[in-house]
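Please open the model in your viewer and keep the selection panel at hand, since this tour moves from one selection to the next. At each stop, make the selection first and then read what is there.

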2 protein chains.
Amino acid sequence: MLREEKPNNLVQTIERVATIFDVMAQSAHGISLKELSAKVGLPKGTAHRLLSSLAYFGYVRQASESKNYHLGFKLVELGNLLLDQLDLRAQARPFLIKLSKKTKETVHLVVLDQNEALYIDKVVSNDKPGGLQMVSRVGLRVPAHCSAVGKLLIAHLSEKGVNDLILLKGLSQRTRNTITDPDRLKTHLKIVREQGYAIDNEENEKGIRCVGAPIFDQQGQAIAAISISGPAARITKQLVQNFLKKEVIKTAQAISRELGYTDTIQTPGINKNFKKGGEP
Amino acid sequence: MLREEKPNNLVQTIERVATIFDVMAQSAHGISLKELSAKVGLPKGTAHRLLSSLAYFGYVRQASESKNYHLGFKLVELGNLLLDQLDLRAQARPFLIKLSKKTKETVHLVVLDQNEALYIDKVVSNDKPGGLQMVSRVGLRVPAHCSAVGKLLIAHLSEKGVNDLILLKGLSQRTRNTITDPDRLKTHLKIVREQGYAIDNEENEKGIRCVGAPIFDQQGQAIAAISISGPAARITKQLVQNFLKKEVIKTAQAISRELGYTDTIQTPGINKNFKKGGEP
DNA sequence: AACCATATTCCGTATTACGAAACAGTTATA
DNA sequence: TATAACTGTTTCGTAATACGGAATATGGTT
């Protein structure tokens, strides 16, 4: 997988640790030293030294019986601490809860990170006992080009930003509805930007439909997006047009206002750069 | 702070990265390179090299305008993935929700990690609008000796385990109710172990009272604990004795059964070591 | 009891990261 | 507008650091 601007002098240890974490992330029930050292391509001794250092600080832990290595709880600690440091999340949460209650569907809060849409909060509706539930998780990533929230966020990127993203991540075909043509995507993003909401019409996963709206900060930057997601059978196109679209936009606007955004959504593009690049 | 068995050949980079993360964790609004390098005691150049390597893999991120460094979302990703890898958490969750609904209070799931009680799940009651809410967070740690859940977990440790914990962490006085005498603690733990539940009677934080019960796995090990927590004014001693204690024990037993624990709680200590240390 | 598999530790070597200093980019000051 | 002051970023010769193959411990199996 391609990444953005690779530094020419990466610290070797950090690169190795990142690889180790990634391998462990795929090993739900822990991994032995032998297997891990094979997978990351390091001698056992070297891998062991890294692991015991990581274990000392709590970033990995070793099961006392099986000797298998697992990710450590320090990661949970730091990850959740980071989420709490995000003012955005704290401020958005009550609105998400309200929206979820009103629509009786799962609501997500998403930011763009490393050119992917990253879930930073999730509110599930309690009122769907036994019903279908979209599988998602805080910390999960989805491609930007085939999710409502992703499209919203990149719709407010610069032309260059979008090109870079396409170059780095590509436009993988996830379903038959996925937009995979760069030009079609750019046209679509223009519409998304102008209409102030986006729909994921089973573009990422067959059977899942979403509708989302962008959140703007004080500077008018689209820093996040929210969406309502669920099974396409329940989230019908009709329901989106008649009800959900309106609700998600309303909520997103309320959150934006909470963050200090003052511009009206009705006049997009106008009166926007009052602070950005305006030397007299 | 003292730690368990320090390896003699820690990898320097990992030690430095751990320090950097800890400093960042305390910097809610990001930290400048200058400030960070000063705090961790590294030359700017060195700190910068580590940071840019970490940033490349998403473990830190740099705010585009302020240039300040923040913890990166990769930590969220790994942390939440780890939580999902824990069978315990998935299996316990429905029981926690039920317990929270029934008692209308906040319920926590906790494990022992590095001699501290670590919250790995939290279910808040929705039925307390505007009411008091205990501040807690998944990933947060509390000392073991002054929390209901912590006492439960160390009550099932070996004598040596408890001694090590006391040596490493000490028994800090958090409130006037905190048990700070090693012998008194050991006596108390014996009672906790025998009665099958524990109470935190404002021992960690004035005004907060908790009652908890242990969760046993198939091997009869106390691998986790659950608790009901809330303001002492609401969680009265009476309510604990008449209602909450019973409910939390019942729920903990149900989860233990779910995990394959078969021994009856009524006969603690008896018929326990059928698999642990039984050479013929 | 001997064996096998895996984890852990050791130690001489050279590769890796180090960090002082130069450079660049940005903001404050005259 | 020029200049100073500050912070972030990059460079490069050096030596300390981590490397990794091989020896040793551990513990489970035949």
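A salt bridge, the term needed for the opening stops, is a side-chain nitrogen of Lys or Arg within 4 Å of a carboxyl oxygen of Asp or Glu. The model is predicted, with local features needing pLDDT of at least 70 and side-chain atom pairs counting only at pLDDT 80 or more, while totals for chains, interfaces and linings use all residues. Residues are numbered from 1 along each chain as its sequence is written, chains are lettered from A and ligands numbered from 1 in the order in which they are written, and side-chain values use heavy atoms, with hydrogens and water left out.

**Stop 1: salt bridges in chain A**

Select Lys169(A) and Glu116(A), which form a salt bridge whose closest N and O atoms are 3.8 Å apart. Lys169(A) sits in helix α7 (residues 159-169) of chain A and Glu116(A) in strand β4 (residues 116-123) of chain A, so that the pair links distant parts of the chain, 53 residues apart. Helices (H or I, at least four residues) and strands (E, at least two) are DSSP runs, numbered from the N terminus. To describe how open a residue is, buried means under 20% relative accessible area, exposed over 50%, and partly exposed in between (1.4 Å probe, protein chains only). Glu116(A) counts as buried because its relative accessibility is 19%, whereas Lys169(A), at 29%, counts as partly exposed.

Next, select Glu159(A) and Lys186(A), whose side chains meet in a salt bridge at 3.5 Å, N to O. Glu159(A) belongs to helix α7 of chain A and Lys186(A) to helix α8 (residues 182-195) of chain A, and this pair, 27 residues apart, also links distant parts of the chain. Glu159(A) is exposed, with a relative accessible area of 56%, while Lys186(A) is partly exposed at 25%.

Then move to Glu105(A) and Arg234(A), a salt bridge with its closest N and O atoms 2.6 Å apart. Glu105(A) lies in the loop between α5 (87-103) and β3 (106-113) of chain A, and Arg234(A) in the loop between β8 (222-231) and α9 (237-258) of chain A, so the pair ties together parts that are 129 residues apart in sequence. Of these partners, Glu105(A) counts as buried at 5% relative accessibility, and Arg234(A) is partly exposed at 26%.

How many salt bridges does the structure hold over all chains? There are 34. For a stop that involves both chains, select Glu77(A), Asp113(B), Glu116(B), Arg141(B) and Lys169(B), which are linked in a network of salt bridges.

**Stop 2: helix α2 of chain B**

Select α2(B), and colour its buried residues, Leu36(B), Ser37(B) and Val40(B). They cover an arc of only 95 degrees around the axis, which puts them on the same side of α2(B); the arc is that of the directions from the helix axis to the C-beta atoms. An α-helix has 3.6 residues a turn, so residues three or four places apart point the same way. The buried residues pack against α1 and α3 of chain B, where contact means heavy atoms within 4.5 Å. On the other side of α2(B), Lys34(B), Ala38(B) and Lys39(B) are exposed. Just after the helix, look for Gly41(B), whose phi is positive, near 70 degrees.

**Stop 3: DNA strand D**

Select DNA strand D and the residues near it, meaning those with a heavy atom within 4 Å of the strand. These are 17 residues, the closest being Arg16(A), Arg49(A), Gln12(B), Lys34(B) and Tyr69(B). Of the strand's atoms that come within 4 Å of the protein, sugar and phosphate account for 77%. Which element gives the largest share of this surface? It is α3(B), with three residues.

Zoom in on Gln12(B), where a backbone N or O atom lies 2.4 Å from a phosphate oxygen of DNA strand D, and on Leu33(B), where such a backbone atom lies 2.9 Å from a phosphate oxygen of the strand. At Lys44(B), by contrast, a polar side-chain atom lies 3.2 Å from a base nitrogen.

**Stop 4: DNA strand C**

Finally, select DNA strand C, which has 17 residues around it, with Gln12(A), Lys34(A), Tyr69(A), Arg16(B) and Arg49(B) coming nearest. Here sugar and phosphate account for 80% of the strand's atoms within 4 Å of the protein. A backbone N or O atom of Gln12(A) lies 2.3 Å from a phosphate oxygen of DNA strand C. The largest share of the surface near this strand, three residues, comes from α3(A).

Key
Polar contact = N/O pair within 3.5 Å; in protein donor to acceptor, adjacent residues only side chain to side chain.
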